[in-house]
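Work through the exercises below with the sequence and the 3D structure at hand. Try each task before reading its solution.

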Amino acid sequence: MTARDSARRRRTVAAVGAFALALSTLTWGPQAVAEPGADADLAGLSEAQLVAPEQPGTGIPGVDEIRNSRNVKHLANLPKPAPFTETSTWSDLAFQDGYAFDGNYDGFVVYDIRNPHKPKIASTVLCPGSQNDISVRGNLLFLSTDSSRSDNSCSSTPLPATNKDAWEGIKIFDISDKRNPRYVAAVETKCGSHTHTLVPDKRGKDVYVYVSSYAPNATFPDCQPPHDLISIVKVPLKNPAGAALLSETVMFPDGGNPGKPGTVPAGYVTATSGCHDITVYPSKDLAAGACMGDGVLWDISDREKPREINRVQDDKNFAFWHSATFNNAGNKVVFTDELGGGGAATCNETIGKTRGADGIYDITGRGDNRKLEFRSYYKISRTQTDTENCVAHNGSLIPVQGRDIMVQAWYQGGISIWDFTDSRNPKEIGWFERGPLPNGKGGGAWSSYYYNGYIYSSDMAKGFDVLDIRDPRVLTAKFIRVGELNVQTQGSYRELFPR
């Protein structure tokens, strides 16, 4: 590095520290205040150490053994608290004003993360109903119920889906008091709610909930084939008790991908019967749907009537289109393939590098002529054992100036931090993983998201993890602060410096 380069770098870092906290980040949601000293740990490793080539993990870690790249540090873990049990599966995450909301199949936990080094439990809510996919908006929290229950209460019991009286759908809580969340309302939806996505209206008065569900069955009274729809729930923010089903919008009038039979997990393509997950980019009026056998780009300028722009299939390598992430510019989408349904060992030499992976697509063209153009696959390189369920799963962007970098969960494959700025040549820049769980049990990281300087992960078996990435390549992200983060409702962050 020349003296001139060193001087430029010092000016850049100083400018970030001076001005970045004053910049708007997400296009909606209040701005939070930075924690004092939140960036002090960057000094823990030298620049030479951080930018040196990564050495891949060698050998298979021992049971529960933690390993990580040199630029990732494990700060904290909070095991599952009572009233939850070992069988309570930790699922998705949302964030608001220094709190993390972590869903699990039996309810949710509110964590106080204002000191990321020492997270605390603010409250627990017992409310069974898998998956309890979770989002927050203002004083409201939303939970997805995708298992048939006797009613819509938190004291419900399991009931077969063949029973007409069984209930599945969306539950709504008031979280104005983080230590005492209060149940407000519920809306039943066809085939339940496997996941959901919050979409703010353009006036700020209402929020729409795009409900993703699938797997209809002729014996299920409330989940009849062909389905091929998403349910749209409208929620008045000032009167959440007035939440109601607005429409059941058919997204695949042609039936979507018919599927391709084969050997699970190595050779099948799932037939489309709805969507697994939808990510929206409200400021760009775009949505990306991961819909079983299809990847879809929608125009959502009319929030109540999503309209297809382009649709892609990958019958060679994708088994189950699971989730989607836009880059900040909104001209790329990363789709994940949940090969084996999240319960299979697919990070091994037998499966290979292009199945159970991410697919990176550039969005080309303009307006209704936009297309999803495939560029490459990304998959972690660390071979996992045949007892470890491992596949591409939930992740988020790290808000880095001028780069496309994300952190992503891979179940027992751990957590990967990777750069896809060059869509054709993605590369990993950091990682964290635990060794196999005892007795061949399933588990691992379900969701791993970046929020206000740190990585937070919901581990199905181990609970709640906090990690720090200390790397010059993500330095500018350390100064970005947002009040609210639902990863499936993407906001935009402005570049810190003009070009």
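**Exercise 1. Count the salt bridges in this predicted model, then examine the one between Glu 433 and Arg 382.**

Solution.
1. The predicted model holds 28 salt bridges.
2. For the side chains of Glu 433 and Arg 382, the N to O distance is 3.6 Å. The cut-off is 4 Å, so a pair with this spacing qualifies.
3. Now place the partners. Glu 433 belongs to strand β26 (residues 427–434), while Arg 382 sits in the loop between β22 and β23 (395–398), so the bridge ties together parts 51 residues apart in sequence.
4. Check exposure. Glu 433 and Arg 382 are buried.

**Exercise 2. Locate the salt bridge of Asp 465 and Arg 434, and state whether the two residues are buried or exposed.**

Solution.
1. The side chains of Asp 465 and Arg 434 meet at 2.9 Å, N to O.
2. Asp 465 lies in strand β29 and Arg 434 in strand β26. With their positions 31 residues apart, the pair links distant parts of the chain.
3. Asp 465 and Arg 434 are both buried.

**Exercise 3. Classify Asp 468 and Arg 470 by relative accessibility.**

Solution.
1. Start with the link: Asp 468 and Arg 470 form a salt bridge, with 3.1 Å between the closest N and O atoms.
2. The threshold for buried is under 20% relative accessible area.
3. Asp 468 has 1%, so Asp 468 is buried.
4. Arg 470 has 9%, so Arg 470 also counts as buried.

**Exercise 4. Which residues are linked with Asp 201 in a network of salt bridges?**

Solution.
1. List the acidic partners: Asp 206 and Glu 304 belong to the network with Asp 201.
2. Add the basic ones: Arg 203 and Lys 234.

**Exercise 5. Describe the largest nonpolar core and find the elements that build it.**

Solution.
1. The largest core has 21 residues.
2. Those with the most contacts inside this core are Phe 95, Tyr 111, Ile 113, Tyr 451, Tyr 456, Phe 464 and Val 466.
3. Two or more residues each come from β2 (72–78), β3 (90–96), β5 (107–112), β27 (445–451), β28 (454–459) and β29 (463–469).
4. A second, separate core has 17 residues, including Val 72, Ile 398, Val 400 and Ile 415.
5. Take Val 466 as a probe. Leaving out residues up to four places away in sequence, Val 466 touches Lys 73, His 74, Leu 75, Ala 76, Pro 116, Pro 119, Tyr 454, Ile 455 and Tyr 456.
6. Compare the general trend: in soluble globular proteins, nonpolar side chains tend to be buried together.

**Exercise 6. Trace the open sheet that contains β19, and identify its edges.**

Solution.
1. The sheet has four strands in the order β19-β20-β21-β22, with antiparallel pairing.
2. The edges are β19 (321–326) and β22 (371–378). Each has a single partner strand, so one side of each lacks a neighbour in the sheet.
3. From one strand to the next, the twist averages 25 degrees.
4. Zoom in on one pairing. β19 and β20 (residues 332–337) are antiparallel, over five bridges. Phe 326 stands opposite Val 333 in β20.

**Exercise 7. Summarise the whole chain in numbers.**

Solution.
1. Secondary structure: two helices and 30 strands.
2. Burial: 59% of the 499 residues count as buried.
3. Contacts: among those between residues at least 6 apart in sequence, 60% join residues at least 24 apart.
4. Surface: the chain exposes about 19,200 Å², and carbon and sulfur atoms supply 51% of it.

Conventions: Residues are numbered from 1 along each chain as its sequence is written. This is a predicted model: local features need pLDDT of at least 70, side-chain atom pairs count only at pLDDT 80 or more; totals for chains, interfaces and linings use all residues. Side-chain values use heavy atoms; hydrogens and water are left out. Buried means under 20% relative accessible area, exposed over 50%, partly exposed in between (1.4 Å probe, protein chains only). Contact means heavy atoms within 4.5 Å. Accessible areas come from the Shrake-Rupley method with a 1.4 Å probe; for residues, only the protein chains shown count as cover. Two strands pair if DSSP finds at least two bridges between them. Axes are lines fitted to C-alpha atoms, for helices over the stretch in contact, and angles run from 0 to 180 degrees between N-to-C directions. A nonpolar core is a set of buried Ala, Val, Leu, Ile, Met, Phe, Trp, Tyr and Cys residues joined through side-chain atoms within 4.5 Å.
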